[in-house]
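This report walks through one protein model, moving from a single side chain to its cores, its domains and its charged pairs. Please keep the structure in view while reading.

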Amino acid sequence: MTAKKTNKANKTRGRLAALLLAVITPLVAEFTLGNPPLRMAWLLLLWVPIYGAGVVLVRELVRRAGTGWTGVLLLGAAYGIVEEGLALQALSSPTIYGAAGWAPRILGLNSAYAELQIPYHAVFSAAIPILLTDLIVPSLRDRPYLGRLGAWVAGTVFVLGALLLRVTVVTAIDPGYEAPPAILAGCAAAVALLTAVGLRLRLRRAVSPVSPPAPAVAGVFGAVAAFAFLASLFPFGGATRPAFTHGGWVIVPMSAAAVLAVIVAWLLRRWTAGGLWTDRHSLALASGALIAHTAFGLISNTDTAADRAGLAAVGVVMVGLLALLGRRIAGLTRTG
């Protein structure tokens, strides 16, 4: 094959991988949590532009900058602020989702909701979809999928997707609310700061590596960590505040969630520092988190037996697809 044909084939594969990531992202972030329920799956069409193009843009920028998973998580958090703070404006709305009543509002923001959603988007909207796509298309994992024009197109679609969300979803579920200019300016500044740091920060300080656990243990770890984080901050089972707390006691689950996030980040950095962490570990960790994520959706996001059955079916299909990917990785490991 000539160099010209090889280059053309690589561009085609990159575009297909970007399209795959754009489809996987809303499925992971929303559909496998029960948002929307299976009977209203068509609503995903409203989420694909902002989620799909947004996370493709995150990956393109991070791969060009070379800041790895640190960059993905920081730009994923920036994405979360764009969606929740600028498009939905749920970070500050006093009415949407009842989030203002979860915990005391701080500087006009719904504190517990912000603590939940920004890390959620960093992990479930950005890191896990990007990881899964890298595992599906391993030959492209270290390079951008698109050229500069493609990245600009992704960015344009992302902005249009945010506007689409603003004029459709928001007008239906939170009509009439407009965030104060100071809140919007603060969100925009936070997005700019996280993006700048995420595209420049390279963690150079060496850490003492620790041998990672077996992939199965990593999977259990991912499941427990994900479920505990979500259950600490998202009211479920009839509760109106995190972890069934009242008054000032909400600081307990909020603090626990923050400590948990720090511990998980610390352990993962040490486990992955010594060169013994493999694709099987990564898939197991992500699979555990996704299974726990869907299990939490079953107890928190489903109102009817039909919705529970629909989300359970989605979970079964998800587990089957993850198992197939696991078999493929195992096969590549043996032949490699």
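In this predicted model, Phe234 is in contact with Trp102, Leu116, Phe296, Ser300 and Asn301, when its neighbours within four places in sequence are left aside. Phe234 lies in the loop between α8 (215–233) and α9 (251–271), and with a relative accessible area of 22% the residue is partly exposed, because buried would require a value under 20%. Although Phe234 and Gln117 are 117 residues apart in sequence, their C-alpha atoms are 9.6 Å apart in space.

From this loop we can turn to the nonpolar interior. The largest nonpolar core has 82 residues, and the residues with the most contacts inside it are Phe124, Ile128, Leu132 and Leu290. Helix α4 (residues 111–136) gives the most to this core, contributing 13 residues. The core draws at least three residues from each of domain 1 (1–203) and domain 2 (206–335). If residues up to four places away in sequence are not counted, Ile128 touches Val28, Val123, Ala286, Ala289 and Leu290. There is also a second, separate core of five residues, among them Ala218, Leu267, Trp271 and Trp277.

How, then, do the two domains meet? The C-alpha centres of domain 1 and domain 2 lie 19 Å apart, and 29 residues of domain 1 are in contact with 34 residues of domain 2. The area buried between domain 1 and domain 2 is about 2,600 Å², and carbon and sulfur atoms give 69% of this area. Across the interface of these domains, the rule finds two salt bridges.

Side chains of opposite charge can pair when their charged atoms come close. By the rule used here, the count for the model comes to six salt bridges, and the table sets out three pairs with the distance from N to O and the relative accessibility of each partner.

| Pair | N to O distance | Relative accessibility of the Arg | Relative accessibility of the acidic partner |
|---|---|---|---|
| Arg59 and Asp134 | 3.1 Å | Arg59, 1% | Asp134, 5% |
| Arg141 and Asp279 | 2.8 Å | Arg141, 22% | Asp279, 27% |
| Arg166 and Glu178 | 3.5 Å | Arg166, 15% | Glu178, 56% |

Arg59 and Asp134 meet in a salt bridge, and because Arg59 lies in helix α2 and Asp134 in helix α4, the pair ties together parts that are 75 residues apart in sequence. Arg59 counts as buried, and Asp134 counts as buried too. Arg59, Arg63 and Asp134 are linked in a network of salt bridges.

The salt bridge between Arg141 and Asp279 links distant parts of the chain, with Arg141 in the loop between α4 and α5 (148–167) and Asp279 in helix α10 (residues 279–300), 138 residues apart. Arg141 is partly exposed, and Asp279 likewise counts as partly exposed. In the pair of Arg166 and Glu178, Arg166 belongs to helix α5, while Glu178 sits in the loop between α6 (169–173) and α7 (181–198), 12 residues apart. Here Arg166 is buried, whereas Glu178 counts as exposed.

Finally, helix α2 deserves a check of its length. At 1.5 Å a residue, the 22 residues of helix α2 (residues 44–65) should span 32 Å, and the end C-alpha atoms are 30 Å apart, which agrees. This helix is mostly covered, since 16 of its 22 residues are buried. After α2 comes Gly66, whose phi is positive, near 75 degrees.

Conventions
Residues are numbered from 1 along each chain as its sequence is written. This is a predicted model: local features need pLDDT of at least 70, side-chain atom pairs count only at pLDDT 80 or more; totals for chains, interfaces and linings use all residues. Side-chain values use heavy atoms; hydrogens and water are left out. Helices (H or I, at least four residues) and strands (E, at least two) are DSSP runs, numbered from the N terminus. The expected span of a helix is 1.5 Å times one less than its number of residues. Buried means under 20% relative accessible area, exposed over 50%, partly exposed in between (1.4 Å probe, protein chains only). A nonpolar core is a set of buried Ala, Val, Leu, Ile, Met, Phe, Trp, Tyr and Cys residues joined through side-chain atoms within 4.5 Å. Domain bounds come from an automatic or database domain assignment. Contact means heavy atoms within 4.5 Å. Buried area is the accessible area (1.4 Å probe) that two parts lose on being put together, summed over both. A salt bridge is a side-chain nitrogen of Lys or Arg within 4 Å of a carboxyl oxygen of Asp or Glu.
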